[in-house]
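Good morning, colleagues. Please look at the sequence and the model as they come up on the screen.

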Amino acid sequence: MLIAIEVGLLILVPCVAFVALWLRDLMSAVIVLGAYSFLMCLVWTGMGAVDVAFTEAAVGAGVSTVFFIAVLFNTTRNITFNPLDVSSKLVALVACLGFGYVLLQGVSDLPDWGDPYSPVNAGVSTYYIENAYADTHVPNLVTTVLADYRSVDTMLETTVVLIALLGIFMILKKDRPAQSDSSDTQAHDSLIIRLSARFIAPFIQLFGLYVVAHGHHSPGGGFQGGVILGTGLILMAMSMGMASAKRLLSIPRMIILAAVGVLIYAGWGAVPLVYNGYFLDYSVWESVFGSMARSHSMLIVEIGVALTVMCGMYGIYMSLVSDGGMQEGL
Amino acid sequence: MIGAMGIYVTRSKPNGPAISSVVAAIALVASVIHLMAYGARDVVDVVSFFPGISVSFFCDPLSLIFAMVASSLWGITVLYSVGYLNGAHEKNQPRFFACVAIALGATMGVAFSANLLTLYIFYEMLSLSTYALVGHHQNDEARVGARKYLIYLFGGSIGLALPAMIAVYALTGTLSFSYAGILPEVTPFPVLVVLMIMFLYGFAKAGLMPFHAWLPGAMVAPTPVSSLLHAVAVVKVGVFSIVRVITGIFGYDLINQVNLSQVIVYIAAFTVIVASLMALYQDSLKRRLAFSTIGQLAYIIMGVGLATPMAFVGGVLHIVMHAFGKITLFFCAGAIYVATKKKYVSQLDGIGRQMPWTMGAFFIGSLSVIGLPPTGGFISKWFMVNGALEAGFPVIFTVYLISSFLNACYFLPIVYRAFFKNPATMDDVAERPLLCVVPPVITAAMSVVLFVGAPFIIRLIQGIYYG
Amino acid sequence: MSSQWAFLAMGIPFFTALIMGSVGYAAPRFMRWIGATGITLAVFASIGLWSTVSTDEYVSYFFGGWLPPIGIALEVDRISALMVLMVHGVAALAYIFSLKALPNELPASKHPVYYTLYFLLISGFVALAVTGDVFNVYVLFEVCALSGYALLAMGGKKAYVPTFNYVLMGSLGACFYLIGVGYLFIKTGTLNMAHLADVLPTVFFSRSILTAFILITVGLFVKMALFPFHGWMPNVYTKAPVSTLCLMAPLGTKICVYVLLRVVGYVFSMEYMTNILAVQPIMMTLATLAIVVGTLYVVYHRHLTRIIMFIIVSEIGYMVGGIFLGQMDSVIGAVYHIAADALMTVTLVMVAGVVRHCLGGDAIADVAMMFRRLPTTAIAFVIVCLSVIGVPPMPGFFSKFLLIKGAFMSGYYGFAVALLIASLTAVFLFFRFFEGYFYMKTDNTAPSVIQEPWAYRIPLVVAAIGLVGFGLSFSYWYGFIKLALPLGLA
Amino acid sequence: MTTLSYSVAIILMTMGLWAMLSKKNLIKKLMGLAIFQTGIILFFISMGAKEGATIPILDHHGYGGIYSDDYANPLTQILMLTAIVVGVATLGLGLALARKIYAHYGSFNEDDILANLREPNE
């Protein structure tokens, strides 16, 4: 039964992707792409990857779509057509065929799907599953690997969000302040939307906080929580209009907060250096937190992640939607 | 020994004008003489790069002879340059002297290098420092000449000599010169031929045809440059490098064994004849001298390439003799230019009567280049001609004779014009300035002295061949 | 614990960046001091790392105290220490240079963000050189790439389209690499390089490993702009601001070459590459073509910046060729050339920048009388050109020497010929510039002597001295690199 | 199932690549990139899946023994978490650039932009 659903989904997914690419109206294509992401989440949940599915739901289906729309809203949704350029299509075709061929060549040798004894599953990951709780007292294995065993990856990944925020800010920011702010979107004229957004937003924020804090025991963590918090802010910004959103949180302030988020992470990790330990070695805190040292440390770095991701998502959205109009502040 | 090396490297690169150059030149000559008296054949490593390769120097009679010639002529040239540059109102004199000094330092480096890499490094340094000299006038003509100069020299050294050098290193694992040769005897013949040709043309400074075109082009440089560098330092460095490669990398044993002489000799013979014929048709005095140089360089290569004791002695001796002879000729050409602004052979009617000393020196110099007694050129040619017979190359023997005849054909008419033809207009021209006249006279005298003193040098050279 | 240097080398610029990002807007005046302190400390750290590996040969650093393959480790051998030294050295020069160059190119309000990204980029490069984890490499690629995109896009209006293409191509390269890692991972279950190298020989004959090899190398080729994947590079670099270019052009592609060496030489092993796959002929053809194509393009361009870009294209060919020749000397040559070329490129780019700012253009026609007008720059330019041409005792000569020797020993004569042609073209090309500023007269609108500001002169002088020193100390580096080479070299 | 999930992943990647290379519209190219990345993620997740295993969150806090067969592979999942975040960051940057390009050239179409790019230069 479960397998049948999986198979169905797997067949559906490429079809939706095809539609997304084929549609000639960009806005519809983006919406279909969002649907595609949701389907993907289902597939992954079926394969046991709840954390990934959660993130994809928040990021792929949620924030990405918002980003796309933010840009399309200010530009155009139409696709212009040129006479068919056969040669470039041909090159692309050859490249794709070659690429697909190489990949398929490799598949024939791969271990069976779902085989618990394949090298991937019997390799390093066995250690994580069997020892993670003893090492860290955190039941969510994904969180432990993410925030402890492979913590540097996560730190760098958070940095990537920071970089994206900084980069987008730099690219879109105008060199001179805009003459008039009249182009800013005003508060949404529909009272219902404005009120309901105000009503929903706090709950979203609360949920985001829960996801961050409870990431040790359930799917979720800094990233997912951060994205949700960011989404809450985005919703507020949408309903309140640009001017008030700007008052709420300006982009430079976002940048500082995002940098501070990574700094929390890296700074916490740097403390062991004082004791001549390894970077991100949380065991130095055992004298303070006892056996929960690693668990608590993970929470702290997750908060840093959440802060950066929240500011990142919100800042990116604001930059995209306002065309870098928000330069004042601080 | 190391102290002496220090003198070359440091003292030979003063950044100042003429006087310090003169001092340095005297010091250099003194130290070379010192080396001659006490010199050992030790190898001195300065910087080591990787196994089998380092910057290292050594000193053998061959390098001594070459260093002696170059350094003593440098001193004379510096004197001459002072006269010439002031006479011709040239600009940028400090740069000029600095570059000449660097070039000479590089020449010394080539003379004393103990392996191919060191030689190559100084070879390139020489190309660069003389580039600025060739382009000294900074006008369009100089630019074209300098560009040609550079393309030929770098094209040869990077395109041919460098890969050949690397190939040698790949084959043998070393680049040090050794009179026994370093290439293994089992090297296949085609490889040897290719390598030899790459070296012959790679050291394009030697001016073997068709890699000769830079030399006439480089004549746009001020005359002291032409005389010192393009009669002595630069071209002789090319020849010297080839001599080093033939004796030190291939080794005479190998060359005789596989009969490589033929390759070398016929390439050189071709150059000799063609260059001499072309020299006949040049009206510009300096260009005529340049083509003559090309031919004479090929003589030397031919001599060394014949691979017999006689011819080798002749070849090396000719480095010395030709240097003194040709520099005299160039000095004279420069002196004429300073005095009269005349550059062309056809303008020289009757000039001998106005400038008797200069043209007298010119006469002696041409005798030496043609190879007639009582000048040094006679002795070196004598050895080479005999060497050709000894090696069993009657064709080469003929080539020597024909080209000597051609040499006479293109030099003697100049002398004839200068002394016996009446000039079209009588300008008021006299010998001046003093510093332009004395050096050619000295070098011409040296050519004669060398005729007498040749046995001493010959003994040195024979020491190389048999030692 | 001397292995701390391994972390500090990447950590110091990282923290510098974060501090800059946090306080930048509040106290813009302190920015340049924070940056200067950071870069000085980082250079010290890299020297510390260098001296450590000189005695210990090998340094491992375990993040979080977890031993690999459980955790992520930094593994520093002598070659990576050299790379770290190179990155910090070049970054220091570029930073000093940017102090003066950036205000010409970017409004002051963007500087704090700019420098934050700048230092993140530096730490990304360093981390790429020392990391011992194949997935970490992917993350670091993205750190470098994203900060690079943003810094490159600062060239103004004309930079956007090429940067957009670069975003696509860079992501594509990273994705290829990631899929390749996926195939490796699926057959071995590990991501640690050393562990992979242990496990891989048992599955050498699997098709998935072949696929992984192809994908990873192609991904890296895209990232390093090897022909025929070089299309994105010249455009995006030419339009970028000079201060970004000083950092990106010397390091961006070179570090990918080093990652290639690491993956091919240490993870897959040379034996796999030469004996089992026998891809050497294909790779050598690509490398040779890269050199030839780069050289051909060079001839057709008149602007210094563009010329430098195509020189990079062909230099990448040198290094890739050196790695795939599989000879001991050629690999040493390639590694040495990575560092030498980084130094050469940064000098060239700085010269181009000075010329652009002081003379108003970087075409041949603009450099007339440069010896008179910008003496320091002119001399630095001559020195670096000699090195690019390969005149001894400049570093360019020695690497070329080793590469050509390697080509002779393994019979790839075409590669040797291509190298020589490239050198000859470089002679032709640079002397066109020399002629320009030696012979050409300017119309006298410009002042006769323009003094370069100190922030331009210092890095130029240091770079020129560094080049000569690096060449003269070649024997030291030869021995230094030799001890860390991958196994199985002829 | 074995070939299916891998094949779907490969189809998605190829589709993404096709869009990135052949589509003229910048936004479509970015969508192609997004699809490419999800293909990769699917590929990784598939390799970490286990028949009959549950999500990688330990129940009863590990008392009573933990067996690696019971839980899906956490390692591939965290790798992909990273990939997703990196993906969205890249997407944001790409969109920002696309937006700037639109502001300057008035089009998302590559051909129009190139034509526009050439004109002012020559």
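I shall go from whole chains to an interface, and then to individual residues.

Let me state at the outset that this is a predicted model. Every value I quote has been computed from it.

I begin with chain A. Chain A contains 14 helices and zero strands, and its pattern along the sequence is accordingly written as α-α-α-α-α-α-α-α-α-α-α-α-α-α. The chain has 330 residues, of which 58% are buried. If we take the contacts in chain A with a separation of 6 or more, 72% of them involve residues 24 or more positions apart. The area that chain A exposes is about 12,600 Å², with 70% of it supplied by carbon and sulfur atoms.

Chain B can be described in the corresponding terms. In chain B there are 18 helices, together with two strands. Buried residues account for 65% of its 467 residues. For chain B, 81% of the contacts between residues at least 6 apart in sequence join residues at least 24 apart. Chain B exposes about 15,100 Å², and carbon and sulfur atoms supply 68% of that area. One local detail in this chain concerns a charge and a ring: B:Lys205 lies over the face of B:Tyr123, 3.6 Å from the ring centre.

I turn now to the interface of chains A and D. Here 95 residues of chain A are in contact with 78 residues of chain D. The two chains bury about 8,100 Å² between them, and 76% of this is on carbon and sulfur atoms. Which residues of chain A lose the most area to chain D? They are A:Leu21, A:Trp113 and A:Ile129, which together give 10% of what that side buries.

Chain D also offers a residue in contact with chain C. D:Thr90 is found in helix α3 of chain D, residues 74-105. Is D:Thr90 buried or exposed? Its relative accessibility is 0%, and therefore D:Thr90 counts as buried. Setting aside neighbours within four places in sequence, D:Thr90 is in contact with C:Glu142, C:Leu146, C:Val167, C:Ser171 and D:Leu33.

Next, the aromatic residues. Over all chains, a search of the whole structure finds 70 aromatic pairs. One of them, C:Tyr115 with C:Tyr118, is edge-to-face, with 5.7 Å centre to centre and 80° between the planes. Both tyrosines belong to helix α4 of chain C, residues 111-130; because they are three residues apart there, about one helical turn separates them. C:Tyr115 has a relative accessibility of 7% and so counts as buried. C:Tyr118 is likewise buried, with a relative accessible area of 0%.

My last residue is C:Ser54, which lies in helix α2 of chain C, residues 31-56. Why does C:Ser54 count as partly exposed? The reason is its relative accessibility of 27%, since the partly exposed class lies between the 20% and 50% limits. The side chain of C:Ser54 reaches the backbone oxygen of C:Trp50 at 2.6 Å. Not counting residues up to four places away in sequence, C:Ser54 touches C:Arg78, C:Tyr476 and C:Phe480. Of these, C:Arg78 is 24 residues away along the chain, and its C-alpha atom is separated from that of C:Ser54 by 7.2 Å.

That concludes the presentation, and I thank you for your attention.

Technical notes: Residues are numbered from 1 along each chain as its sequence is written. Chains are lettered from A and ligands numbered from 1 in the order in which they are written. Side-chain values use heavy atoms; hydrogens and water are left out. Helices (H or I, at least four residues) and strands (E, at least two) are DSSP runs, numbered from the N terminus. Buried means under 20% relative accessible area, exposed over 50%, partly exposed in between (1.4 Å probe, protein chains only). Contact means heavy atoms within 4.5 Å. A polar contact is a pair of N or O atoms within 3.5 Å; within protein, one must be able to donate a hydrogen and the other to accept it, and residues adjacent in sequence count only if both atoms are side-chain atoms. Accessible areas come from the Shrake-Rupley method with a 1.4 Å probe; for residues, only the protein chains shown count as cover. Rings of Phe, Tyr and Trp (its six-membered ring) pair if their centres lie within 6.5 Å; planes under 30 degrees apart count as stacked, over 60 as edge-to-face and the rest as tilted. A charge sits over a ring if NZ of Lys or CZ of Arg is within 6 Å of the ring centre and within 35 degrees of the ring normal. Buried area is the accessible area (1.4 Å probe) that two parts lose on being put together, summed over both.
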